[in-house]
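I set out to record which side-chain contacts, cavities and backbone angles could be looked up in this structure. My entries follow in the order in which I made them.

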Amino acid sequence: SEHSLSDTFSGVKALTAALDDASDLCFVSLALNLAENLERLRVNCFRCNDFAKVPSAKAWNHLSSQITKAKIQHLTLEHFIVTDPGILLHQAKSLKNLSFADDQITTLPKEVFSGLSDLETLDLSFNKLTELPKEVFRGLSNLKELGLQDNELTELPKEVFSGLSKLEGLDLIYNKFTELPNEVFSGLSNLKILLLEGNHLDEDDIQGLSNLRARGVYIDEVLG
């Protein structure tokens, strides 16, 4: 009965869904209606990697409203095609951990993460990002880990990480950087790990690395 289903889901704190088709997103929405105390949601769809299987805007909007209503803190949405991440994050102010890995994301609107001031980890790895708006991470004052590995980034705005004063880990491996702005890491006062392997970089071309090392920041050695 509906009552017993509600009872079953009411104590659920974490939900993982591996979908066969984007249309199966409706079952996630059903579970979210029932799981009032859900904190962690992980959804992946290994067969949703072509544009014929992109969830509709209506489906994303519905899921977004439920994520907000449920006050989910940990959201993993991987192996989809996400053309507009902002649809999913609208008003999702309770999020602490967010992964959009391997979602074929090509662009990020400059205000996509606005309002997510409690966010502590953000994983955007294995996407197709070629550039980042300078304001894209503005307001993420509690962010501690940022993963941008395996994208197609060629350059960074010098201000892109400004304001991330609590950031401890930054992963930029396997992008397409040939140079980085001198000031790009200067505001990261709590940085502990910086990963740059797999780019077309020479250590001599990146000002500030020696200062970071002097502060005890671990920087991987494989550059160039």
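**Entry 1. E78 and its partner**

I began with E78, working from a predicted model. E78 has a relative accessible area of 14% and is therefore buried, the limit being under 20%. I then looked up its charged partner. R42 makes a salt bridge with E78, and the closest N and O atoms are 3.8 Å apart. The two residues belong to distant parts of the chain, with R42 in strand β2 and E78 in strand β3 (residues 74–78), 36 residues apart. I noted that R42, at a relative accessible area of 37%, is partly exposed, whereas E78 is buried.

**Entry 2. The salt bridge of K13**

How many salt bridges does the count come to? I found two. Besides the pair of R42 and E78, K13 bridges to E39, again with 3.8 Å between the closest N and O atoms. K13 sits in the loop between α1 (2–10) and β1 (14–18), and E39 in the loop between α2 (25–34) and β2 (40–44), so this contact ties together parts that are 26 residues apart in sequence. For K13 I recorded a relative accessibility of 45%, which places K13 among the partly exposed residues. E39 is likewise partly exposed, at 30%. As a general note, side chains of opposite charge can pair when their charged atoms come close.

**Entry 3. Aromatic pairs**

I turned next to the rings and counted four aromatic pairs. One of them joins W60 and F80 in an edge-to-face arrangement, with 5.5 Å from centre to centre and 65 degrees between the planes. W60 is in helix α3 (residues 57–70) and F80 in the loop between β3 and α4 (85–89), so I entered this as a link between distant parts of the chain, 20 residues apart. Are W60 and F80 buried or exposed? Both are buried: the relative accessible area is 4% for W60 and 1% for F80.

I then looked up F113 and F137. Their ring centres are 6.2 Å apart and their planes stand at 10 degrees, so I recorded the pair as stacked. F113 is in the loop between β4 (97–99) and β5 (121–123), while F137 is in the loop between β5 and β6 (145–147); the pair therefore ties together parts that are 24 residues apart in sequence. F113 and F137 are both buried. I also noted that F113 and F137 belong to one aromatic cluster with F161 and F185.

**Entry 4. The largest pocket**

What is the volume of the largest pocket? I recorded about 190 Å³. The lining of this pocket consists of 15 residues, and those nearest the centre are R40, R42, H74, L75 and T76. R42 thus appears here as well as in the salt bridge with E78. The elements that contribute two or more residues to the lining are β1, β2, β3, β4 and β5. I sorted the lining by class and obtained six nonpolar, six polar and three charged residues.

**Entry 5. The cavity**

I searched for enclosed space and found one cavity of 30 Å³ or more. The volume of the largest cavity is about 30 Å³. Which residues line the largest cavity? I listed K134, E135, F137, R138, E159, V160 and S162. By class, the lining has four charged, two nonpolar and one polar residue. F137, entered above for its stacked pair with F113, is one of these lining residues.

**Entry 6. Positive phi angles**

Last, I checked the backbone. Most residues other than glycine have a negative phi. I noted K71, which is not a glycine and yet has a positive phi of about 60 degrees. K71 is located in the loop between α3 and β3 and is exposed, with a relative accessible area of 58%.

D102 is also not a glycine, and its phi is positive at about 55 degrees. I placed D102 in the loop between β4 and β5. At a relative accessible area of 32%, D102 is partly exposed, whereas K71 is exposed.

Notes. Residues numbered from 1 in each chain as written. Predicted model: local features only at pLDDT ≥ 70, side-chain atom pairs only at ≥ 80, totals over all residues. Heavy atoms only, no water. Salt bridge = Lys/Arg side-chain N within 4 Å of Asp/Glu carboxyl O. Helix = DSSP H or I, 4+ residues; strand = E, 2+ residues; numbered from the N terminus. Buried < 20%, exposed > 50% of the residue type's maximum accessible area, 1.4 Å probe, protein only. Phe/Tyr/Trp six-rings, centres within 6.5 Å; stacked < 30°, edge-to-face > 60°. 1 Å grid on protein atoms, 1.4 Å probe; cavity = no way out; pocket = protein on both sides within 12 Å on 5 of 7 lines; lining within 4 Å. Points joined across faces, edges and corners; volume = space filled by probe spheres on them. Nonpolar A, V, L, I, M, F, W, Y, C, P; charged D, E, K, R; others polar.
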